[in-house]
Amino acid sequence: MKMRRPGLLLAVMAGLLAVMAGLLAGCSGNDKGEEGKPAAVVNEPVTIRIGASASAHLNNEVQFQETVVQPVKRKYPHITIEYIPMGGSNPVKSIGDWMAGGNVPDIILHANGSMGELFAYDLMTDITPQVKQTGADLNRFDKAVLDSVRVASDEGWLVGMPFSQNFNALYYNKDIFDKFAVGYPTDGLTWDNVIDLSRRLARNEGGVQYTGLHPEWVLRPAYPLALTIVDAKTGKSQVTNAAWKQVAELLQRIVAIPGNWDGKAGRGDFWGKKTVAMLATTNVFTSIEPEARKGFTNWDVAQYPSHANRPGVSGMVDAWVMIIAKTSKHKEQAMQVINVVTSDEVQLLASAKFAQMSTLANPEMNRQFGSQLDSLNIKQKNLAGIFKGRIVAAPKFSPYERQARTPYQDNMLKVFGGQMDVNTALRDADDKINKLLAELQK
């Protein structure tokens, strides 16, 4: 379908909402009422429907119950939560299904990197009036994370609140390092350092092929450079620029190591087959935890490798956002739900029990990270290394970023297989992406 961006009319409507909220608050003296408290929200029984898009979800049902349903019920007994997952065996397969059925949730869980597609469906609105009405304190949040939400709209709207974010880290299997008498990786390494280490670990021993370094996939090393496939301003591919070439050449060097990653082996081999010496990826603590209960404990983490031209940067904001749909008839109550989920109490629980990185600018969140996951033996892990890396604000993403990734990813596999050189692969991907974008934007 043709993309529809919020235009002047929507901006005017958002402004009217803000004015109306101000007038309502003015009836009681000020924005927070005569006694300095937030303006009252109607507390009649209501069901708030939360829909998880395919790109952002909570890890499991237990986590959803303990970090959303139960705390909301304790604070607001009149609010009932209904969860609508997307994909898999669920009847809802896409945002289009919600739209076609006239059944859009009140709150949509979505990744900041693909929020643009919600603009295409005209589902976004500025929730600043609800923030003011419920007394939410935006100063509690990490500024880079909020900036990465605001950049999604041309008007700088706050369309939702980030409740969790990913981090990048370098996981390593001590058993493999010990087997080959190689020193463990330390914090502050560059990609050159890590690649050098991997050459000593990529071996076939006793019929077992060990991977020295697994970079997860062809996009992860681009995160510290805050790259996007599509330039959101021009609507064109930018995979032929110097930064993307830097990433492609880095990946080619990793694959070129004899016996190392072939571009196909999964990251799960780190905790599954246990044949990966180093895994440079995002937060996989909940994936490792079941194996840790079976005895896989001799592993650790270090700071994510840095690009030489971006020292100390471990990634860009990769957050999960609770977005209040423009179509919701219960925006104030939806905001109450979001305030509970982003409260210190719930964020600490999510960090400690579910290894979920908080979006709050409160160091206690990171100090408590994974502390209730006894099987991971967190106290013996170098968690400080995870949080040493600086996470920079994400740029604006095109609504078509996800679709545009396919030609780049396909061509990188051809580079790994020797069918293309890097320059040819990027030029070919650039051409295919621009043709795809032209078709999508008709």
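This is a short chat about a predicted model, covering its confidence, one helix and two residues.

Q: What is the mean pLDDT of the protein?
A: The mean pLDDT, the predictor's confidence in each residue from 0 to 100, is 87, and 88% of the residues reach 70 or more. Over residues 1–36 the pLDDT is below 50, although this stretch has 42 contacts (heavy atoms within 4.5 Å) beyond near neighbours in sequence. Where pLDDT is low, the predicted coordinates should not be read in detail.

Q: What went into these values, and how are residues numbered?
A: Residues are numbered from 1 along each chain as its sequence is written, and side-chain values use heavy atoms, leaving out hydrogens and water. As this is a predicted model, local features need pLDDT of at least 70 and side-chain atom pairs count only at pLDDT 80 or more, while totals for chains, interfaces and linings use all residues.

Q: Where does H2 kink?
A: Helix H2 (helices are DSSP runs, H or I, of at least four residues, and strands are E runs of at least two, numbered from the N terminus) has a kink of about 30° at Val 69, shortly before Pro 71; the bend is the angle between axes fitted to the seven residues ending there and the seven starting there.

Q: And what covers its buried residues?
A: The cover over the buried residues of H2 (buried means under 20% relative accessible area, with a 1.4 Å probe and protein chains only) includes strands E1 and E2 and helices H11 and H12.

Q: Switching to Gln 130, buried or exposed?
A: Gln 130 is buried, at 5% relative accessible area, and apart from neighbours within four places in sequence it contacts Lys 331, Glu 332 and Met 335.

How values were computed: Buried < 20%, exposed > 50% of the residue type's maximum accessible area, 1.4 Å probe, protein only.
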